[in-house]
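Please look over the sequence and the model below before reading on. The briefing that follows takes the sheet, then the helices packed on it, then one loop residue.

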Amino acid sequence: MRIGKINTKNKVFIIAEIGNNHEGSFKLAKKMINKAATVGVDAVKFQTFLPEHLVSFEDQSRLNKLRGFQLSYEQFKELSKIAKKKGLIFFSTPLDIKSAKFLNTIQPIFKIASGDNNFYPLIDTVAKFGKSIIVSTGVANIDEIQKVYNKILKAWSKKKKNNQNLALLHCVSSYPVPNEQANLASISYLKKFFPDVIVGYSDHTVGINAAVLSVVAGARIVEKHFTLDKNLSDFRDHKLSADPEEMRLMVNKIREAEKMIGKEEKKSQLCEKEMNIIGRRSIAVARNLKVGTKLSSSDLTWVRPGKGFSPGNEKKIIGKQISRSLKMGEIIMKSDLK
C-alpha cells in the first residue's frame, strides 16, 4: 500500500490515533497535531461524525457527550492543512455517510472503524471513492472480514484498484485490552488468509509493547491512540493512549525492529563473512602421518578454520597418498595429495 510517499512494503506506517482525545477542543486538536509531528509518526487520525447519525436519540447522555466532542467540517479542513504543513498525512474515520462524503474532499485514504466493519452502506460509499481503505477487524470473525473484503474489491473492480490498496488491521475492541487477549498471532493468520492485502494492527492495550511486537508478527501498519496527558480527563481513551514520550519511544522501537527483521530470505550476512572461514571446519588428519601414507576414513578428523577441504568432501581424499608428512590436526590441502 502506498500512502503519500510511504510504501508499506518498505516502511511500517505509524499512525497517531488522536480520535476524540481532543474532547471537542479545536485548540487542543491543533496542539496534538503539532506534538505528533515531533515524535516521528507518519500520520494523525481523527474521527468525524454527526452525533444524530451515530447513536440513538434514546441515548441522550451519549448524544450530549458526542456533541461536546464534535468538531465542525471547517475545523477538520483546517486540521488537515496543519498536518500537511507539518509533513504528516491527515485522515479521519467517518462514522456516518455524510461525514464520509465530506472527508473525501480533504484526505487521501479512509479508515473503517471496527464498530462499522459490518456497516455496509458506509463501506459501499467509501469504496466507491476509489481511495485506499484501512479496515479494523475488531469484533469480526473471519467470515465477516471476508464479506468486507469481497464488498470492497467488488466495488473496486471497475476502478482497477490493486488489492494492495486494502489493509486489514487486527484489532481487539476493548478499552483497554488485557495483554493476554491481545492475540497478536491473528496478524500472521490474517496474512495467510488474505495474502494479497496489507495487514496491520490497531492497538488498545496499555503501554507500547504490543504495538512494537506486532511489527515482529508482520504488521505493516501500526495505529496507537495518542494523548498529551493520560490524566487529562476521565475519558477512557486517554488511559490506553501513548503520551508524547511513549509514542516517541514506540516509533523508535518499531524502526529498530524493522531493521532487525530485515527481509524474508535466508542468506549469509555481510557481518558473517569472517565466520565463513574461522567458524567452519576443514578435513584434517587424526594422527601423525608419514609422507606416502594412503588415507583412510580413520585417518581423518575435522577442525577449524575452513580453509581446506570442507566436510562432505571426504571421498575426494580417501584413498589418496599424501605428498608430505602431516601432524595430528593439520589441515589437508589440495597440494598435500598426490
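**The sheet**

In this predicted model, eight strands make up an open sheet with parallel pairing, in the order E5-E4-E3-E10-E9-E8-E7-E6. Strands E5 (89-94) and E6 (109-112) are at the edges with a single partner strand each, so one side of each has no neighbour in the sheet. From one strand to the next, the twist averages 25°.

Residues are numbered from 1 along each chain as its sequence is written, and side-chain values use heavy atoms, without hydrogens and water. Local features need pLDDT of at least 70, side-chain atom pairs count only at pLDDT 80 or more, and totals for chains, interfaces and linings use all residues.

**Strand pairing**

- Strands (DSSP runs of E, at least two residues) and helices (runs of H or I, at least four) are numbered from the N terminus, and two strands pair if DSSP finds at least two bridges between them.
- Strand E9 (residues 198-203) runs parallel to strand E10 (residues 221-225), and three bridges join them.
- Asp 203 stands opposite Lys 224 in E10.

**Helices on the sheet**

- Helix H7 (residues 185-193) packs on the sheet, where it touches strand E8 (166-171) and E9 (contact means heavy atoms within 4.5 Å), and its direction makes about 155° with that of E9.
- Angles run from 0 to 180 degrees between N-to-C directions, with axes fitted to C-alpha atoms, for helices over the stretch in contact.
- Helix H5 (residues 120-128) lies across E5, E6 and strand E7 (132-136), and runs at about 165° to E6.

**Ser 72**

- Ser 72 is placed in the loop between helix H2 (60-69) and helix H3 (73-85).
- Ser 72 counts as partly exposed because its relative accessibility is 33%, between the limits for buried (under 20% relative accessible area) and exposed (over 50%), with a 1.4 Å probe and protein chains only.
- Ser 72 and Phe 49 are 23 residues apart in sequence, and their C-alpha atoms are 9.0 Å apart in space.
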